[in-house]
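Trainee: I'd like to learn how to read a structure like this one, feature by feature. Can we start with how the chains meet?

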Amino acid sequence: MTIKAITVPKWGLSMDEGELIEWHIAPGDEVTVGQEIAEIETSKIAGPVEAAVAGKVRRIIAEEGEVLPVGALMAVLAEDSDTDADIDAFIAEFEVQDVSDDMGEDAGAADIRHITLGDMDISYQDFSPADLSPGSVPVVLIHGFGGDSNNWLFNQGKIGETHRVIALDLPGHGLSTKKITDGSIAGLSAMVAEFLAALDIEQAHLVGHSMGAAVAVQCALAGNIQVASLSLICPALVGRSVNPGYISGFQQARTRKQLKPVLAMLFSNAQLVTRELVDDVLKYKRLDGVGDALRVIADKGLGAGELPLAEQTLMMPVSIIWGDNDKIINGTESHHIKAENCHEYVIENAGHMPHMENAGAVNKILTDLFND
Amino acid sequence: MSKKTIREALNEALRQEMARDGQVIILGEDVAGGHGGTGVIDAYGGPLGVTKGVIGEFGANRVIDTPISESAIMGAAAGAAATGLRPVAELMFVDFMGVCFDQIFNQAAKFRYMFGGKTKTPMVVRTTIGAGMRTAAQHSQCLYHMFTSVPGLKCVMPSNAYDAKGLLIEAIRDDDPVIFFENKLLYDLACDVPDESYAIPFGEANVVREGGDVTIVAFSRMVHIAEEAAKTLAAEGISVEVIDPRTTSPLDEETILDSVEKTGFLVVVDESAARCGMAADIAGLVVEQAFDALRGPIIQITPPHTPVPFSPPLEDAFIPTAGAVCDAIRKLLK
């Protein structure tokens with residue numbers, strides 16, 4: 001039998017359902033692997049659904065506007081030789097499986113963990129595939145200024161197919177301690193090294209976004225952990241300036257109306273900034289201590305003089321990923337990274353968040369590097 | 001982050017602020033287990049259980065049972081605030097405020113103004129509002145509109161547990177008298193509430209739901225009535241924007257006006273009063289400042305101009321319903 005299911009993808013640990021905004025396919029269409037077939041909106045962000053399988057669309061199950069749990073059947077692909085009765089049977093059977101499938105809230109919630117480092121409580125999401133190969137090097141995801149581990153919503157699942165993947169909340173961010181004493185890049189990098197040591201991780205693939213990329217570079221330069229590879233997404237590095245309007249706007253915005261245009265600067269497609277995303281960021285910004293933490297980091301860690309400048313040549317493989325429409329960090333100057341084995345990529349139709357806006361392309365670059 | 005009821009969220013806000021600031025005290029009827037009682041840990045916690053257990057953590061010096069004398073509670077709170085404490089006074093029903101209008105309207109609300117800004121009055125009055133509890137005419141009113149009309153008072157009415165915690169923390173940290181209205185029927189309503197402290201600024205409306213066809217402004221429990229109506233109407237192809245101002249003083253006029261500029265239609269769902277209530281106030285604002293945007297009459301959905309009935313069928317008929325909101329909007333857009 002050649003009947004295949006298109007299901008609601010799970011974008012990160014915190015996603016348990018999504019609203020189908022729009023179908024890009026209709027019955028009779030031929031679908032190829034990787035084709036964008038629909039638009040789904042989660043509580044965090046809207047994103048395209050890419051077909052994981054190829055074939056001819058025989059049945060559209062999900063309706064536009066419908067809120068569907070992760071794993072729910074959206075459409076059915078099949079050959080012409082498959083009868084309607086076969087497809088009906090497939091759908092009937094699929095629904096039974098879906099009910100028994102345990103991908104509910106608990107599965108995601110269980111993976112949010114905490115660890116105490118001195119007087120800091122660090123929150124992180126930790127996921128390992130069931131068939132993790134021994135000796136596989138874990139992947140550590142480091143978010144940027146004002147972000148959190150949920151920024152990796154669209155990447156954790158794909159990376160997690162083959163690697164243990166850990167996304168932490170830097171101090172002052174997400175669910176981690178908001179009090180931050182050393183907001184410099186060196187301080188944050190020392191904290192990441194301490195965090196990984198506490199998890200008994202000696203070697204890791206580091207993936208950093210924006211300020212998190214500067215932290216990752218600093219880890220590699222300081223040598224306080226063994227960095228197997230370095231992936232830098234829209235990195236804040238010496239040579240490329242960080243848009244000061246974003247940093248101050250993000251800190252100052254107190255209302256939804258003030259915050260929305262600031263968040264829109266992150267994306268190539270401003271439509272991706274949903275009401276829920278703005279609300280989530282506002283809720284974060286209202287927490288006691290966040291304002292002070294952001295100020296400490298903005299004053300220290302993001303001051304250009306504090307960004308790491310690679311005097312020494314990095315020996316591990318390095319991938320640098322830019323968005324072609326980045327409004328936060330742009331410019332064409334050299335980024336001052338010296339590496340033996342460095343590849344640069346520019347992701348099309350992406351702003352400062354290519355790992356969200358074009359997760360498929362970024363995931364491919366990342367997994368190719370890890371599996372090399 | 002975990003799901004908490006409004007009651008739990010308020011309790012957590014009180015404990016966190018009392019732990020953060022030694023000047024914060026609580027006073028009211030039965031807040032510590034009854035006047036003259038020993039104030040044990042499993043105290044009564046006020047008539048609605050919001051302060052339960054607080055005395056066990058902070059002691060009887062900071063959680064004070066009062067006699068049944070509303071004017072004394074409010075007078076003591078206003079005086080304590082003037083001396084630098086941050087009292088949170090509880091008055092079980094807003095209906096009883098009548099006997100302490102002088103302490104609130106003429107004293108607390110006026111101190112900062114009449115002393116030329118040389119004094120602060122950081123007091124919070126927590127009180128309950130709302131019909132639907134079968135508690136009859138003297139325990140069921142929604143008098144927030146009266147306090148809103150008095151300059152010098154800030155008026156807050158959360159509709160969910162997240163807002164309840166953040167607004168109460170903001171109220172305690174605010175240097176002016178804040179009247180904090182809790183709807184009796186919402187205490188067990190739960191949603192995700194961060195374990196950490198946070199403050200929600202006053203004067204910032206929450207856009208509960210975005211829509212393009214009609215704007216509903218609703219307060220306290222009426223936000224849920226409006227949301228229910230919006231869901232029903234969405235199935236009919238009518239897209240409703242629901243705005244919860246969260247505070248009526250200060251009022252986020254901009255969010256309301258922007259929304260009406262977009263939709264052209266306004267419905268206000270307000271349990272306070274048919275005459276001189278918040279609905280009339282919002283309608284006046286929009287007529288004055290966004291008249292050209294209006295494409296139809298402003299609809300005010302309020303209870304009738306009558307005391308809250310004790311008869312259950314009459315009380316149910318008294319409170320605005322989602323059905324009434326839907327009918328009004330269908331007629332408006334026809």
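Mentor: Sure. Buried area is the accessible area that two parts lose on being put together, summed over both. Keep in mind that this is a predicted model.

Trainee: So how much area do chain B and chain A bury between them, and what part of it is on carbon and sulfur atoms?

Mentor: The size of an interface is often given as the accessible area lost when the parts come together. Here chain B and chain A bury about 1400 Å², with 41% of that on carbon and sulfur atoms. On the chain B side, Tyr162(B), Glu196(B) and Glu204(B) lose the most area to chain A, and together they make up 35% of what that side buries.

Trainee: How many residues does each chain bring to the contact?

Mentor: Chain B puts in 19 residues and chain A twelve residues. Tyr162(B) is worth another look, too: the charged end of Lys283(A) sits over its ring, 4.4 Å from the centre. There is also a case within chain A, where Lys285(A) lies over the face of Phe250(A), 5.5 Å from the ring centre.

Trainee: And how many salt bridges are there between chain B and chain A?

Mentor: Side chains of opposite charge can pair when their charged atoms come close. Between chain B and chain A the count is five salt bridges. Take Lys257(A) and Asp258(B): they form a salt bridge whose closest N and O atoms are 2.5 Å apart.

Trainee: What does a search of the whole structure find?

Mentor: It finds 40 salt bridges over all chains. One to look up is Arg59(A) with Asp88(A), at 3.0 Å from N to O. Arg59(A) lies in strand 6 (residues 55-60) of chain A and Asp88(A) in helix 1 (residues 84-100) of chain A, so this pair ties together parts that are 29 residues apart in sequence. Both ends are partly exposed: Arg59(A) at 23% relative accessibility, Asp88(A) at 42%.

Trainee: Which chain A helix holds both Arg295(A) and Asp292(A)?

Mentor: An α-helix has 3.6 residues a turn, so residues three or four places apart point the same way. Arg295(A) and Asp292(A) are three residues apart in helix 9 (residues 290-300) of chain A, which puts about one helical turn between them. They form a salt bridge, with the closest N and O atoms 2.9 Å apart. Arg295(A) is partly exposed at 42% relative accessibility, and Asp292(A) is partly exposed with 46%.

Trainee: Now for Glu12(B) and Lys165(B): are they buried or exposed?

Mentor: Glu12(B) is buried, and so is Lys165(B). The two form a salt bridge, the closest N and O atoms being 2.6 Å apart. Glu12(B) belongs to helix 1 (residues 6-20) of chain B and Lys165(B) to helix 7 (residues 161-173) of chain B, so the pair ties together parts 153 residues apart in sequence. Back in chain A, salt bridges that share partners join Arg58(A), Arg59(A), Asp84(A) and Asp88(A) into one network.

Trainee: Let's turn to the rings. How many aromatic pairs does the structure hold?

Mentor: A pair of aromatic rings is described by the distance of the centres and the angle of the planes. This structure holds twelve aromatic pairs over all chains. Phe93(B) and Phe96(B) make an edge-to-face one, 5.5 Å centre to centre with 70 degrees between the planes. Phe93(B) is buried, at a relative accessible area of 15%, while Phe96(B) is partly exposed at 24%.

Trainee: What kind of pair do Tyr144(B) and Phe219(B) form?

Mentor: Theirs is tilted: 6.0 Å centre to centre, 45 degrees between the planes. Tyr144(B) lies in helix 6 (residues 144-148) of chain B and Phe219(B) in the loop between strand 10 (214-218) and helix 8 (222-234) of chain B, so the pair ties together parts that are 75 residues apart in sequence. Tyr144(B) is buried at 0% relative accessibility, and Phe219(B) is buried at 1%. Ring pairs also link both of them with Phe101(B), Phe105(B), Phe147(B) and Phe181(B) into a cluster.

Trainee: Which residues of helix 4 of chain B are buried?

Mentor: In helix 4 (residues 101-108) of chain B, the buried residues are Gln103(B), Ile104(B), Phe105(B) and Ala108(B). Their cover includes helix 3 (70-82), helix 5 (111-114), helix 6 and strand 7 (178-183) of chain B.

Methods
Residues numbered from 1 in each chain as written. Chains lettered and ligands numbered in written order. Predicted model: local features only at pLDDT ≥ 70, side-chain atom pairs only at ≥ 80, totals over all residues. Heavy atoms only, no water. Phe/Tyr/Trp six-rings, centres within 6.5 Å; stacked < 30°, edge-to-face > 60°. Buried < 20%, exposed > 50% of the residue type's maximum accessible area, 1.4 Å probe, protein only. Helix = DSSP H or I, 4+ residues; strand = E, 2+ residues; numbered from the N terminus. Lys NZ or Arg CZ within 6 Å of the ring centre and 35° of its normal. Contact = heavy atoms within 4.5 Å. Buried area = accessible area lost by both parts, 1.4 Å probe. Salt bridge = Lys/Arg side-chain N within 4 Å of Asp/Glu carboxyl O.
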